[in-house]
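Open the model in your viewer and keep the selection tool at hand. We will go from stop to stop, and at each one there is something to pick out.

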Amino acid sequence: MTHHVLTVQCPSTRGIVAAISGFLAANGCNITDSHQFDDPLTGMFFARMTFQAETGAAPDTLREGFAPIADTFAMGWAIHDASERMKVLLMVSNFGHCLNDLLYRWRIGALPIDIVGVVSNHMTYQKVVVNHDLPFHQIKVTKDNKPEAEARLMALVEESGAELIVLARYMQVLSDAICRRMSGRIINIHHSFLPSFKGANPYKQAYERGVKLIGATAHYVTADLDEGPIIEQDTVRVTHAQSAEDYVSLGRDVEAQVLSRAIHAHIHHRVFQNGNKTVVFPASPGSYASERMG
């Protein structure tokens with residue numbers, strides 16, 4: 001039996017679930033997991049279903065048969081082969097905790113992706129990347145060469161077939177053009193302090209203010225810096241007895257975990273953009289343990 005994931009978003013109206021489940025049943029498919037959300041504020045409906053094609057129906061055949069139903073409800077939709085791994089391009093600067101965490105999870109199979117390469121504006125992690133038998137690309141970025149650097153980046157995306165870019169503490173701001181071109185396909189990680197603690201040394205600023213919680217936020221990248229739709233967040237409690245260095249150490253752990261969970265949600269098609277927010281459905285049975293490791 002082949003396994004598939006169906007994602008749907010459309011204006012809310014009566015009969016959507018009945019139409020979907022009826023189509024799947026008529027085509028010899030068994031639904032194994034199902035989530036839906038009807039947003040009364042936006043009037044949008046979101047659904048994600050995993051199913052087994054017991055008759056062995058090919059994805060293209062299912063897509064062709066489902067198209068008329070999708071047209072009836074003005075759906076944005078997709079049917080994904082659950083066995084296919086998403087191609088991901090990682091980007092990093094001089095902080096390697098998120099990169100190292102992602103490489104580890106990828107190596108042990110906890111993050112089922114195909115890493116097509118790592119891009120950096122420095123050489124700091126070249127050896128780490130090459131030792132994982134992955135392509136390393138240094139693309140230096142300066143004020144004068146930024147258009148050329150971004151052209152190289154996009155050429156690399158095209159050549160590698162990358163479906164998702166992950167900014168694993170990549171410290172260069174991407175242009176509006178790239179943000180628009182890759183809308184919904186770039187994930188960034190930053191400190192939850194933003195926008196409260198902008199600029200350099202946010203953990204030091206948090207320490208000086210005596211905060212009791214620190215954390216991290218993973219979000220889609222948009223032209224509005226650090227204000228894209230949020231995918232995942234988490235926090236850790238700190239006390240007055242801890243130092244600024246402790247804040248940094250704890251913060252790095254949270255950043256790595258939050259970023260990996262956001263990627264996990266994206267590659268399994270559990271994230272739907274809903275205006276400036278997201279709808280994120282729970283992990284399917286069997287994937288929760290790997291997603292929560294850390």
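In which strand is the place of Thr217? Select Thr217 and you will land in strand β10 of this predicted model.

**Stop 1: Thr217 and its surroundings**

Switch on the surface for a moment. Thr217 counts as buried, because its relative accessibility is 4% and the cut-off for buried is under 20%. Now hide the surface and show side chains. The side chain of Thr217 makes a polar contact of 3.1 Å with that of Ser192. Another polar contact, of 2.9 Å, links the side chains of Thr217 and Gln233.

Next, widen the selection to the residues in contact with Thr217, leaving out neighbours within four places in sequence. You should pick up Asn188, Ile189, His190, His191 and Ser192, together with Ile230, Glu232, Gln233 and Val258.

**Stop 2: Asp226**

Follow the chain out of β10 (213-220) and stop in the loop before β11 (230-237), where Asp226 lies. UniProt, in an unreviewed entry, lists Asp226 under "active site". Is Asp226 buried, exposed or partly exposed? With a relative accessible area of 28%, Asp226 is partly exposed, because the partly exposed class lies between the 20% and 50% cut-offs.

**Stop 3: helix α8 and two partners**

Select residues 244-267 to bring up helix α8, then add residues 202-209 for helix α7. The two helices pack with their axes 9 Å apart, at an angle of about 125°. That angle makes α7 oblique to α8, and their crossing is right-handed. To see what touches, show Tyr203, Ala206 and Tyr207 on α7. Facing them in this contact are Ala244, Tyr247, Val248, Gly251, Arg252 and Glu255 of α8.

Keep α8 on screen and swap α7 for helix α3, residues 97-108. Here the axes come within 9 Å and cross at roughly 50°, which makes α3 oblique to α8. The crossing of α3 and α8 is right-handed. On the α3 side, the contact is made by His97, Cys98, Asp101, Leu102 and Arg105. On the α8 side, look for Arg252, Glu255, Ala256, Gln257, Leu259, Ser260 and Ile263. Arg252 and Glu255 of α8 are worth a label, as they take part in the contact with α7 and in the contact with α3.

**Stop 4: the annotated ACT domain**

Now select residues 5-87, the span that the unreviewed UniProt entry annotates as "domain: ACT". What are the helix and strand contents of this span? Residues 5-87 are 30% helix and 43% strand, and the end C-alpha atoms lie 17 Å apart.

Then colour helix α1 (residues 16-26) and helix α2 (residues 59-72). Their axes come within 11 Å and cross at roughly 150°. α1 and α2 are therefore roughly antiparallel to each other, since angles over 145 degrees are counted that way. The crossing of α1 and α2 is right-handed. Ala19, Ile20 and Phe23 of α1 make the contact with Leu62, Gly65, Phe66 and Ile69 of α2.

**Stop 5: Lys127**

For the last selection, pick Lys127 in helix α4 (residues 126-131). Lys127 counts as exposed, at 64% relative accessibility. Finish by drawing a distance from the C-alpha atom of Lys127 to that of Ile31: the two are 96 residues apart along the chain and separated by 45 Å.

Note on methods: Residues numbered from 1 in each chain as written. Predicted model: local features only at pLDDT ≥ 70, side-chain atom pairs only at ≥ 80, totals over all residues. Heavy atoms only, no water. UniProt positions renumbered as here; feature names shortened; annotations may be inferred. Helix = DSSP H or I, 4+ residues; strand = E, 2+ residues; numbered from the N terminus. Buried < 20%, exposed > 50% of the residue type's maximum accessible area, 1.4 Å probe, protein only. Polar contact = N/O pair within 3.5 Å; in protein donor to acceptor, adjacent residues only side chain to side chain. Contact = heavy atoms within 4.5 Å. Axes fitted to C-alpha atoms, helices over the stretch in contact; angles between N-to-C directions. Parallel < 35°, antiparallel > 145°, perpendicular 65-115°, else oblique. Left-handed = near helix turned anticlockwise from the far one by under 90°.
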